Amino acid sequence: MTLAGVQRKEGEADYMKVLIVGSGGREHALAWKIAQSPRVDKIYCAPGNAGIAQIAECVPIKAMDFDALVTFAREKAIDLTVVGMDDPLVGGIVDVFESHGLRVFGPRKNAAILEGSKVFSKDLMKKYHIPTAEYESFTDPEAALEYLRTKASFPTVLKADGLALGKGVLICQNLEEAEAGVRQIMEDKKFGSAGDRMVIEQFMTGREVSVLTFVDGKTVKPMASAMDHKRAGDGDTGLNTGGMGNFSPSPFYTPEIAGYCQKNIFQPTVNAMAKEGRPFKGVIFFGLMLTGDGPKVLEYNARFGDPEAQVVLPRMKTDIVDVFEACIDGKLDQIDLAFSDKACVCVILASDGYPVKYGKGFEIRGLENFKDKDGYYVFHSGTAQKDGKIVTNGGRVLGVTALGSTLQEARANAYKAVDWVDFDNKYYRHDIAKSIDEVK
């Protein structure tokens, strides 16, 4: 499949073949952005989804089947593999690809631990004086319960140590909730082995901001800021999810705050990883809380956020393949990373009942309404092809995304586009980006 509408650079030799590993809205946004590069004329995605299939050739290989992915990459002479998901990164997919001489974008296993272990990342921040909440870590549930009963203040935050699909964080208002949370994480294993260890963390208040950054082992370049909406219900109520919507840029992330974060959080984190013998190449997602005492790190992720990617990448002007290669080669300092002045808002259309129990297999109607609509996008998160139709295949189904000259305009455009598409048990929040109205 040759990508249409791309202009070759003068004197450029070979077309590139790119493999994307993943199957969600983040990977759809990545495929869409990579397809804009004049250097690329063939994209594969493993395993992909029904939306990605309109841009790339999807192959039925699971993201954790490293051997099959390596075999495929070698057979197809893939020039660059881009890993979207956290599980394969933490599992060491980059190390495996590199051991076969394959070019791959993402952190090695010993660097992906930045996301793979909350205990590691909190200890790193403490050691290198990177601003974050006070905390204690535990391997014994009884010790955790004793700490809660004698030393904790409420509300407090419980975090499973390992990966938990973005849901392994519990905010507990009182001791009773916290005791139940410890049992869920460490005894009932609600998040599986991710709960073998846990962190009890001081609750921070303030505005949350997400900042994705490109890193080449030594240089760090921030992308546009964004703000996620984790809770399932309007007014930030209900259970934590993988994200119900997003907007970019955050008006609360001022140039002064950006400068502080670059000096005291972003660069020190990259330097710390290098000093620990874990040089990080790829994307570091900084989840920040803008507290009264200044910005502090809530969490690190070792990849693009979802749905952060859906609002940041539509604003990105630089060829993303050039950036990927500069990160791999340690030449990020030579890249001019540029973003549009336009704002972007994404509203997630989910299956009613998410993140607990929900039905699948419902036909999605109206996707054709996005065709040739400049500034409007629909990124597929959980979809599949069935009997020639596109159907729901997950908790988060679609990311309806729109640009605007202001955040208010982008929000209005996104919610207008929400009505263009429909499926049985469609559910979404009605207040994505509502906080921007509080900006004077």
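In which sense do strand E4 and E5 pair, and over how many bridges? In this predicted model, strand E4, which covers residues 80-83, pairs with E5 in the parallel sense, and two bridges join them. One residue pair can be picked out by eye: Thr81 has Val104, in E5, as its bridge partner.

These two strands belong to a wider arrangement. Five strands make up an open sheet, and reading across it gives the order E3-E2-E1-E4-E5, with parallel pairing. Strand E3 (57-58) and strand E5 (104-105) stand at the edges; each has a single partner strand, so one side of each is left without a neighbour in the sheet. Helix H1, made of residues 25-34, packs on this sheet. The strands that H1 touches are E1 (16-22), E2 (40-47) and E4, and the direction of H1 makes about 170° with that of E1.

Helix H1 also has a helix to pack against. Its partner is helix H11, residues 320-329; the two axes are 8 Å apart and the packing angle is about 105°. Angles of 65 to 115 degrees count as roughly perpendicular, so H1 is described as roughly perpendicular to H11. On the H1 side, the contact is made by Leu30, Lys33 and Ile34, while H11 contributes Ile320, Val321 and Phe324.

Further along the chain, look at Ser225, a residue of strand E11, which spans residues 220-228. Is Ser225 buried or exposed? Its relative accessible area is 5%, and the cut-off for buried is under 20%, so Ser225 counts as buried. Setting aside neighbours within four places in sequence, the residues in contact with Ser225 are Val209, Ser210, Val211, Phe247, Ser248, Pro249, Ser250 and Tyr253. For Ser250, there is also a distance to note: its backbone nitrogen lies 2.9 Å from a polar atom of the Ser225 side chain.

The last stop is a pair of cysteines. Why do Cys344 and Cys346 form no bond with each other? The sulfur of Cys344 has its closest cysteine sulfur in Cys346, at 7.5 Å, which is too far for a bond. Seen from the other end, the closest cysteine sulfur to that of Cys346 is the one in Cys344, again at 7.5 Å and too far. A disulfide needs two cysteine sulfur atoms within 2.5 Å, and the count of disulfides by this rule is zero. Cys344 is buried, with a relative accessible area of 0%, and Cys346 is likewise counted as buried at 0% relative accessibility.

Technical notes. Residues are numbered from 1 along each chain as its sequence is written. This is a predicted model: local features need pLDDT of at least 70, side-chain atom pairs count only at pLDDT 80 or more; totals for chains, interfaces and linings use all residues. Side-chain values use heavy atoms; hydrogens and water are left out. Two strands pair if DSSP finds at least two bridges between them. Helices (H or I, at least four residues) and strands (E, at least two) are DSSP runs, numbered from the N terminus. Contact means heavy atoms within 4.5 Å. Axes are lines fitted to C-alpha atoms, for helices over the stretch in contact, and angles run from 0 to 180 degrees between N-to-C directions. Buried means under 20% relative accessible area, exposed over 50%, partly exposed in between (1.4 Å probe, protein chains only). A polar contact is a pair of N or O atoms within 3.5 Å; within protein, one must be able to donate a hydrogen and the other to accept it, and residues adjacent in sequence count only if both atoms are side-chain atoms. Angles under 35 degrees count as roughly parallel, over 145 as roughly antiparallel, 65 to 115 as roughly perpendicular and the rest as oblique.
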